[in-house]
Amino acid sequence: MTDAAVVPKKRMSPRKRAALVRYIQYAILVLLVVVLALIADWGEIRRAFLDIDIASQLFPDVILIALKNTIVYTACGFVFGLALGLVLALMRLSSVGPYRWISTGIIELFRGLPALVVFLVLGLGLPIAFGVNLGNIPTVTLALGLVGGAYMAETIRAGIQAVPKGQYEAARTLGMTHTRAMVTIVIPQAFRIILPPLTNELILLTKDSSLIYVIGLSLDEYELTAFGRENMNAFANLTPMVTIALCYLLITVPLSIVVRRMEAKSGKAR
Amino acid sequence: MTQTETTPAAERGAAVIDVQNLHKYFGDNEVLKGIDFHIARGEVVCVIGPSGSGKSTLLRCVNLLEEPTSGTILVDGEEITDPDADVDGLRARIGMVFQQFNLFPHMTALRNLTVAQEKVLKRGKAESLEIARTNLEKVGLSDKADAYPAHLSGGQQQRVAIARALSMSPDMMLFDEPTSALDPELVGDVLAVMKDLAAEGMTMMVVTHEMSFAREVADKVVFMDGGVIVEEGLPADVLGDPQHERTKEFLARVL
């Protein structure tokens, strides 16, 4: 008996302890789900969020108008933003002082402003100040492009700087000009590096495209959020919002899958 | 051509690389302190010396990867340090091999060899491919044409890099410690390719730590230390019977 008292209490091995902690975490998760499911008013949820009747009335407009417009607005903004971001990034890396100052100014300005403000200035400010009315697509292209481009410029700059200096030197020693070396050797490698953050930016722009509502839209110009809000008010029901939420996922999830495939493919060439 | 009066032209012979009174500063640090150096056509010159002696900087000045602070460099009689010189055209004629290979990782080995032929020399696709395949075969890597650099060993990458430089049909080749980043058992393959090149009469400037290569292949060995050329001459003389104390010390440490 005295012997047993001397032997230190046997402690659990680190691996066993980690496993136990994990089981406790699973248990808490299951418990939470069960409690939420029990206290939720399912009838009310079905009525307010998942009304099949209302959902079916949203089709086909939710796809043919709203989803289509969201994709068009986002694509326009992203393409312009990517081009602008690349130009701003190259300007920031330039040895010419004024180029660097101008691009730093543009980046700081549009990265710092809320996208909503940019939309308002372009959509409502320009017509008042200059009597120019840009129209929907140009406004959304400019607004999303300026905001997205300012963010992407910094991402692209980091990507270009992450390409080893030897790559540029090797290209130059083969007789390539600065421009040719950047276009053929450095920038393609930079884009491989920044593919994940660029995808992030595209997804953010998808959601930011909803801000176009501030300039006023006609029915066939509605994108997903405006369409959802309009129908939510019309039906006094949240089902339209659930529907458009699923539509957003219909854009972003396949996008993520495509990018993951591209990453895996370029990973082979590393 | 504005030739400065330093050495009589006749003595210099047919120097394809002619460096005169070259100085290079990095900030306040003088890395090259007045280098006079020349390589004749078909000559193989090995530049040896301790790290920080300025030997790589000298090599990188020859194709203007580093801008000389002062001095004159003539390549094929053309003053490349002249602000009006066609540097890109010049670089296309001087092959360069780096310590870190610097293959383009997003292109296959074959594409690495053709891209500059097409974009710089404006050769047609078929011609570029033919030249590329010939050079891959020359370095013994025909079977790796479609492999990406990441799937090649260091020694294979360096041989592809040599083939890439050769595909531009250069007049001369610069090697910047081509075997220093390789595992010891891969060094031999790369040196063998370089020996073949030397035997074909290629003009070569090689910064190296491979003393046996210098002894065997070089027409001239240049020992640099502290930004100056301490000693130069035949390999047997410089490596076998060094006259300067610093050369002796260096060789005692590396041999």
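The exercises below treat the contact between chain A and chain B and the cavities of a predicted model.

In this predicted model local features need pLDDT of at least 70 and side-chain atom pairs count only at pLDDT 80 or more, whereas totals for chains, interfaces and linings use all residues. Residues are numbered from 1 along each chain as its sequence is written, chains are lettered from A and ligands numbered from 1 in the order in which they are written, and side-chain values use heavy atoms, with hydrogens and water left out.

**Exercise 1. Describe the contact between chain A and chain B.**

Step 1. With contact defined as heavy atoms within 4.5 Å, chain A brings 21 residues and chain B brings 24 residues.

Step 2. The two chains bury about 1,900 Å² between them, 63% of it on carbon and sulfur atoms. Buried area is the accessible area (1.4 Å probe) lost by two parts on being put together, summed over both.

Step 3. There are 2 salt bridges between chain A and chain B, where a salt bridge is a side-chain nitrogen of Lys or Arg within 4 Å of a carboxyl oxygen of Asp or Glu. One salt bridge joins the side chains of A:E169 and B:R60 (2.6 Å, N to O).

Step 4. On chain A, α9 (165–173) and α10 (178–193) each supply at least two residues of the side that touches chain B. Helix α9(A) gives the most, with 8 residues. Helices here are DSSP runs (H or I, at least four residues) and strands likewise (E, at least two), numbered from the N terminus.

Step 5. By class, the side of chain A that touches chain B has 7 nonpolar, 7 polar and 7 charged residues. Ala, Val, Leu, Ile, Met, Phe, Trp, Tyr, Cys and Pro count as nonpolar, Asp, Glu, Lys and Arg as charged, and the others, Gly among them, as polar.

**Exercise 2. Find the cavities and state what lines them.**

Step 1. A cavity is a set of points on a 1 Å grid over the protein atoms alone where a 1.4 Å probe fits but cannot get out; lining residues have an atom within 4 Å of a point. The whole structure holds 2 cavities of 30 Å³ or more.

Step 2. The largest cavity has about 60 Å³ of space, a volume being the space filled by probe spheres set on the points, which are joined across faces, edges and corners. Its lining includes A:A170, A:T173, B:R91 and B:M168.

Step 3. β6(B) gives the most to this lining, with 3 residues.

Step 4. The second largest cavity, of about 30 Å³, is lined by B:K138, B:V139, B:L166, B:V193, B:D196 and B:L197.

Methods. 1 Å grid on protein atoms, 1.4 Å probe; cavity = no way out; pocket = protein on both sides within 12 Å on 5 of 7 lines; lining within 4 Å.
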